[in-house]
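User: I'd like to go through this protein with you, a question at a time. Can you show it to me and explain the terms as they come up?

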Amino acid sequence: MGGRDPRPSRAAVRRPRLEVADVFHRHGADWRRANAGHVSLDQLRVMSAIEQCRSAALGGHLERCEDCGHSRIAYNSCRNRHCPKCQGAAAKDWLAAREPDLLPVGYFHVVFTLPVEIGPIAYQNKVVVYDALFRTAAETLLTIAADPKHLGARIGATAVLHTWGSAMPHHPHVHMIVPGGGISLDGARWVRCKPGFLLPVQVLSRLFRRLFLTALADAHAAGRLAFVSHRSSGRTGSSTPGRPSPGPRRCSPISPATPIVLPSQTLASFLSTNAA
């Protein structure tokens, strides 16, 4: 077909019986009214983009087969990164781009997560807290792996941030795909980890806990954290600003490193299976 948009059209993709856009179309207006004053402008824009995605509201283009002359209208995508339809295509492109980076070794799946008590702080300070989560998770892995008492090697990892759990609660955590070994500290050879074992969970947990809470406390001391606590006053729904402490002194930070088979098992199938 001449002039075809490479993005999949609504007609070219098998639609699920119920989409997020369908829920927004049916209940979005009532939900906006019920939550007026508690939803940010960015969140409203995301809702609007999802509602309009691949509809006449965003315009479209005509596709015509040069052989038989059949024509159809393909509506444009919103391209919002939160849109399930657009994000699905972007995720496939990202997975395909990561495939060449994989080494011919076994891999491990490690998850660094924040306790529920820190969730409200992360929700109100996304850039600061998510940056601290990424940096401290990476530093924890690199530090313990480089310790001669453990692996004694320089390793790498692919990290992906998830801010929601499978049941859709706010649940910030980082998934890491870690090769089962690394380059020796002198750069002379490959150091393979023990079969089925990457690094000790307890050691990783202690270091991650200390690094993350230090980063959070430093951000708080530097005035980089903002807090707004909504305490209901009768039926008026009024809120009172507050500035609580940066969070608890404990974290339950990581899951045990789970061996996975890559790259013989594709990265796409692995992440789709373990997505949370």
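Analyst: Let's start with a term: buried means under 20% relative accessible area, exposed means over 50%, and partly exposed is in between (1.4 Å probe, protein chains only). Keep in mind that this is a predicted model, where local features need pLDDT of at least 70, side-chain atom pairs count only at pLDDT 80 or more, and totals for chains, interfaces and linings use all residues. Residues are numbered from 1 along each chain as its sequence is written, and side-chain values use heavy atoms, with hydrogens and water left out.

User: Is Glu 63 buried or exposed?

Analyst: Look at its relative accessibility, which is 2%. The cut-off for buried is under 20%. So Glu 63 counts as buried.

User: Which residue does Glu 63 meet in a salt bridge?

Analyst: Side chains of opposite charge can pair when their charged atoms come close. A salt bridge here is a side-chain nitrogen of Lys or Arg within 4 Å of a carboxyl oxygen of Asp or Glu. For Glu 63 the N to O distance is 2.6 Å, and the partner, partly exposed at 23% relative accessibility, is Arg 72.

User: How many salt bridges does a search of the whole structure find?

Analyst: One of them joins Asp 42 and Arg 45, with the closest N and O atoms 3.7 Å apart. Both of these residues lie in helix H2 (residues 41-52), three residues apart, about one turn of the helix, and both are exposed. Helices (H or I, at least four residues) and strands (E, at least two) are DSSP runs, numbered from the N terminus. The search of the whole structure finds seven.

User: How many residues apart are Glu 19 and Lys 85, the pair that links distant parts of the chain?

Analyst: Their side chains meet in a salt bridge (3.3 Å, N to O), and both residues are buried. Glu 19 is in the segment before helix H1 (20-34), while Lys 85 is in helix H3 (residues 84-98). Along the chain they are 66 residues apart.

User: Why is the pair of Phe 208 and Phe 212 called stacked?

Analyst: Rings of Phe, Tyr and Trp (its six-membered ring) pair if their centres lie within 6.5 Å; planes under 30 degrees apart count as stacked, over 60 as edge-to-face and the rest as tilted. Both residues lie in helix H6 (residues 201-221), four residues apart, and both are buried. Their ring centres are 6.0 Å apart, so they pair, and the pair is stacked because their planes are at 25°.

User: Which residue forms one aromatic cluster with Phe 208 and Phe 212?

Analyst: The structure holds two aromatic pairs. The cluster has one more member besides Phe 208 and Phe 212, and that is Phe 112.

User: Which element gives the most to the largest nonpolar core?

Analyst: A nonpolar core is a set of buried Ala, Val, Leu, Ile, Met, Phe, Trp, Tyr and Cys residues joined through side-chain atoms within 4.5 Å. The largest one has 36 residues, and those with the most contacts inside it include Phe 112 and Phe 212. Among the elements that give two or more residues are strand E3 (107-113), helix H5 (126-146) and H6. With nine residues, the one that gives the most is H5.

User: How many residues are in the second, separate core?

Analyst: Phe 24, Val 46, Cys 53 and Cys 86 are included in it. The full number for this second core is eight.
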